[in-house]
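Thanks, everyone, for making the time this morning. I would like to walk you through one model, beginning with its overall layout and ending with its strands.

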Amino acid sequence: MRKIPVILFLLLNTLLYSNNFWGEIGHRVVGEIATQNLTDKTLKEINIILDGESLASVSTWADKVKYKPGYEKYITWHYANMPLNIEYEQSLKNNKGDIVYAINHCISILKDRNSSKQKKSFYLKLLVHFLGDIHQPLHLGRGEDRGGNDIKINHSGKQTNLHSLWDHSILNKSGMRYDELSKNIINKYQDQKISLKTPEYWAFESHQEVKKIYSEVINGDSIENDYLIDQLSFVKEKLYKGGIRLAGLLNEIFG
């Protein structure tokens, strides 16, 4: 009988938090775009560390485990909440860590020659995921609405929330699998020069973008398909930036 509350607790966690990340397609696109831009040396190192698994295949691992026992400490690493009028450097940091801290920590582990293969595998999987998360603007949203999760909206006759809309609904408008979408994005943006910069800058960039998102949608709004179509190119560009920056970072670490 005592097992029932535990089962209910896990079910509630799944229902409450299943939408708190770029959808599976978005994360896999970031991983695939990165893979297409790795040097041979970097790709060889990654194949050894991941035992042949691809960056795309491990890109969603961090979300699949974060509510399992023993992984709770990493939940806050997926985002950084702050007021819209304050930038990351001046914001009150979460003492459990946030996405900027997480990315920098993963980098330090992967650069450490004394890190074991097992440890590198763990933090590489996290890094791939977090590069996707930090390029989803609502992961740099306000704390009071949990990055848009508490902004309820209606779309296609169903109630959803702003965060979920940006995680899933916009990308679903492409009608493509992640591999098809990756090729489509690379073909469209491959001539665009993307600077690597730093996790702090990536947070700043997404925080500027989330201000515009908040200004256009409020709690209770009904969202039409035109909104999703209008945002699709922007989302594709963000995924491209995430993939190129992940590749640049990995080439730097392993090169």
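From the N terminus on, the elements of this predicted model follow the order α-α-α-α-α-α-α-β-β-α-α-α-β-α, which amounts to eleven helices and three strands.

Turning to the overall dimensions, the C-alpha trace spans about 55 × 50 × 40 Å along its principal axes, and the radius of gyration is 18 Å, which agrees with the value near 18 Å that a compact globule of 255 residues would have. Buried residues make up 49% of the 255, and of the contacts with a separation of 6 or more, 78% are between residues 24 or more positions apart. The accessible surface comes to about 12,800 Å², with 52% of that belonging to carbon and sulfur atoms, while the mean positions of the 33 positive and the 30 negative charges lie 6 Å apart.

Now to the strands. Strand β1, residues 152–155, runs antiparallel to strand β2, residues 158–161, and four bridges join the two, with K152 of β1 having N161 as its bridge partner in β2. Two residues lie between the strands of this hairpin, in which S156 takes a positive phi near 55 degrees. β1 also pairs with strand β3, residues 222–223, this time in the parallel sense and over two bridges, and here the bridge partner of N154 is S222.

Which side chains of β1 are buried? In a regular strand the side chains alternate between the two faces of the sheet. Along β1, I153 and H155 point to one face and are buried, whereas K152 and N154 point to the other and are not.

Definitions and conventions: Residues numbered from 1 in each chain as written. Predicted model: local features only at pLDDT ≥ 70, side-chain atom pairs only at ≥ 80, totals over all residues. Heavy atoms only, no water. Rg over C-alpha atoms; globule rule 2.2 N^0.38 Å. Buried < 20%, exposed > 50% of the residue type's maximum accessible area, 1.4 Å probe, protein only. Contact = heavy atoms within 4.5 Å. Areas by Shrake-Rupley, 256 points an atom, 1.4 Å probe, with all protein chains shown as cover. Lys, Arg positive; Asp, Glu negative; His and termini not counted. Charge placed at Lys NZ, Arg CZ, Asp CG, Glu CD. Pairing = 2+ DSSP bridges.
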